[in-house]
Amino acid sequence: MACTDSFIFPTFQRSFLSLSLVFVFISALFCSCRASQVPVPVTAHQGDVSGTVIQDNFLGISFELYPFNTLWGESPQQMPTAMENYLSNLRARIESPLRIRIGGNSMDSAVYVPTQTEMIVVTGDPAADPDDVPVDFGPTLFKVLDAMENVVGQMEFIVGLSMRNSNYTNAIEVASDSRKMLGYRLDAMLLGNEPDLYATHGVHPGYTIQEYITDIGAMLQDLRNSPYGDLVPDTIVGGPTICCDWNLSDILSAGLSEYPYKYYTVQHYAKSICSGPNASNENITYFVSHVNVPAYTNWQKQGVQMASDARIPVLVTEYNTVSCGGSNVSDTFAATLWAIDAGLNYASSGMSGAYLHTREYGILYNLFDPPSPETSTEPNWRTGSPYYAALFLSETFMAGGSIVVDLNLDNSIYDPAATVAGYALYDRAGVKAKRLVFFNYYRADDAGSESAARNFTLEGGLATTAGVRVLAAPNIYERTDISWAGQTVGLNGELDGTQTTEYYYDCAMGCNITVPGPGAALVLLDDVPDDSKFFFGSSTIAPVS
């Protein structure tokens, strides 16, 4: 098929969209032949697709504890309006509660002080180990979580409980207050953070999986028999939150599967800069080749299958490009595309949720940064490129559940030369494809690349119409000039510009969906302006005064 009838709609009130029949006629006068190279054929098998059913809040945000007060505010009265907008943009695009995790190494090493009025007090030198800053924290943390939810809309929180000290008194205090103050908003409590690194980091020299299993038993016993009563009367704990040196399958086989867990949790970064920059962690081409993504997301495949057999969801409670703070790749548009691709691949690989991690001011992979750690209540925030991945994914997964399938477009799972990728999202029964996601990993500096835009040819019978929203940037190195559906994120977390959606009206026999290069597209099959499943309107709740 050489061309496709389409028309780009700006977002107006729904009454305006009643004129859509007029625009259908007008759109027939135009031909969308904007990509000159051979189109990418798209075939989505209809019927009898199996896989993990993913909810619309699959994508969550993970926050390191140490800088939390510089991002969410010191108190319920001092919450930054920018953070309210950043979170509202995501919350408005899903029906389920927005997933938030507070954890990291600083949560695992922190001391909870129930009488402390400040949210967080740094108790050591942040420069000594930037990846594990010691802090004390108090109940204000939970008060701010509640207050933010009251402003933004429903959220569910995951909180970490420390296992570094064999005396679990502090963890019991956190569990008691988090249950009491968060109530129904508390989704889970994770026991420990990266225990597979306890030995390497000198927390517990020579620490083994079997010792960990013994400690889990002791900790659960203490939580059941705490001075505050049984703190785990329901299934609310999660773990092991491993990242590096242990396998989930080995931990489950060693005895973790015998305990009542709500979630099994893992953490994973594509690259590491913990030992300094090198050719691997600064290689941007790694992040624009889909062939690398399945290898990255399936590193715990056996354990995920064991969890699936036991009907226990697996969450990726931290993921991002480069661990220990990111590299010069982590704030580029390549990182945006990769984070979306990785998130979708996690969904297609049996995970039930994935949390993009963000840390203190100045970390390269952050989703957002205040003007400075001391001025977070002011505008002039910096939006990191990974935030656009969160924005895209928050609009991608369907309410009511969906099954995600990697379409292996252009043999992209296996061919390193492939410059495209794609996914289909089926209804929860696996009967019909409802949505598609396409990636165009065009690199302007690659002499072998052809024209930037790519056409993705939908097979006949897949849909009669299609609504398309596009994520785009000038090149994969771009850090700020990024847009989603025609909008960019402003200095206070608000979405600026006119929200745009392109509609294709002649797809019954097949049609070409054009994706700019580099870029990604979310395609809603059989979508029309008068009855669209896209999010419309403004998600800004705190405009700049």
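This report describes two helix pairs and two groups of paired strands in a predicted model.

**Helix packing**

Two packed helices are described by the angle between their axes and the distance between the axes. The table sets out these values for the two pairs.

| Helix pair | Residues | Crossing angle | Axis distance |
|---|---|---|---|
| H6 and H7 | 140–152 and 169–182 | roughly 25° | within 10 Å |
| H12 and H13 | 333–348 and 385–394 | about 35° | 7 Å |

Helix H6 and helix H7 cross at roughly 25°, and because angles under 35 degrees count as roughly parallel, H6 is roughly parallel to H7. The crossing of H6 and H7 is right-handed. On the H6 side the contact is made by Phe142, Lys143, Leu145 and Asp146, and these meet Val174, Asp177, Ser178, Met181 and Leu182 of H7. Sorted by class, the contact of H6 with H7 comprises five nonpolar residues, one polar residue and three charged residues.

Helix H12 and helix H13 pack with their axes 7 Å apart, and H12 likewise passes H13 in a right-handed crossing. From H12 the contact draws on Phe333, Ala335, Thr336, Ala339, Ile340, Gly343 and Leu344, while H13 supplies Ser385, Pro386, Tyr388, Ala389, Phe392 and Leu393. By class, the contact of H12 with H13 has ten nonpolar and three polar residues, with no charged residues.

**Paired strands**

Strands of a sheet pair through backbone hydrogen bonds, either parallel or antiparallel. One open sheet in the model is formed by three strands in the order E6-E8-E7, and its pairing is mixed. Its edge strands, each of which pairs on one side only, are E6 (111–112) and E7 (120–122). Strand E7 runs antiparallel to strand E8 (residues 135–137), to which it is joined by three bridges, and within this pairing Ile120 stands opposite Phe137 of E8.

A second group centres on strand E20 (residues 454–458), which is mostly covered, five of its five residues being buried. Which residues of E20 lie on each of its covered faces? Arg454, Phe456 and Leu458 are buried on one side, and Asn455 and Thr457 are buried on the other.

Strand E20 pairs in the parallel sense with strand E2 (residues 40–42) over three bridges, and Leu458 of E20 is the bridge partner of Val42. Strand E20 is also joined to strand E26 (residues 511–515), here by five bridges and in an antiparallel arrangement, with Phe456 standing opposite Ile513 of E26. Both Leu458 and Phe456 thus appear in these pairings, and both belong to the buried side that also holds Arg454.

Conventions
Residues are numbered from 1 along each chain as its sequence is written. This is a predicted model: local features need pLDDT of at least 70, side-chain atom pairs count only at pLDDT 80 or more; totals for chains, interfaces and linings use all residues. Side-chain values use heavy atoms; hydrogens and water are left out. Axes are lines fitted to C-alpha atoms, for helices over the stretch in contact, and angles run from 0 to 180 degrees between N-to-C directions. Helices (H or I, at least four residues) and strands (E, at least two) are DSSP runs, numbered from the N terminus. Angles under 35 degrees count as roughly parallel, over 145 as roughly antiparallel, 65 to 115 as roughly perpendicular and the rest as oblique. A crossing is left-handed if the near helix is turned anticlockwise from the far one by less than a right angle, and right-handed if clockwise. Contact means heavy atoms within 4.5 Å. Ala, Val, Leu, Ile, Met, Phe, Trp, Tyr, Cys and Pro count as nonpolar, Asp, Glu, Lys and Arg as charged, and the others, Gly among them, as polar. Two strands pair if DSSP finds at least two bridges between them. Buried means under 20% relative accessible area, exposed over 50%, partly exposed in between (1.4 Å probe, protein chains only).
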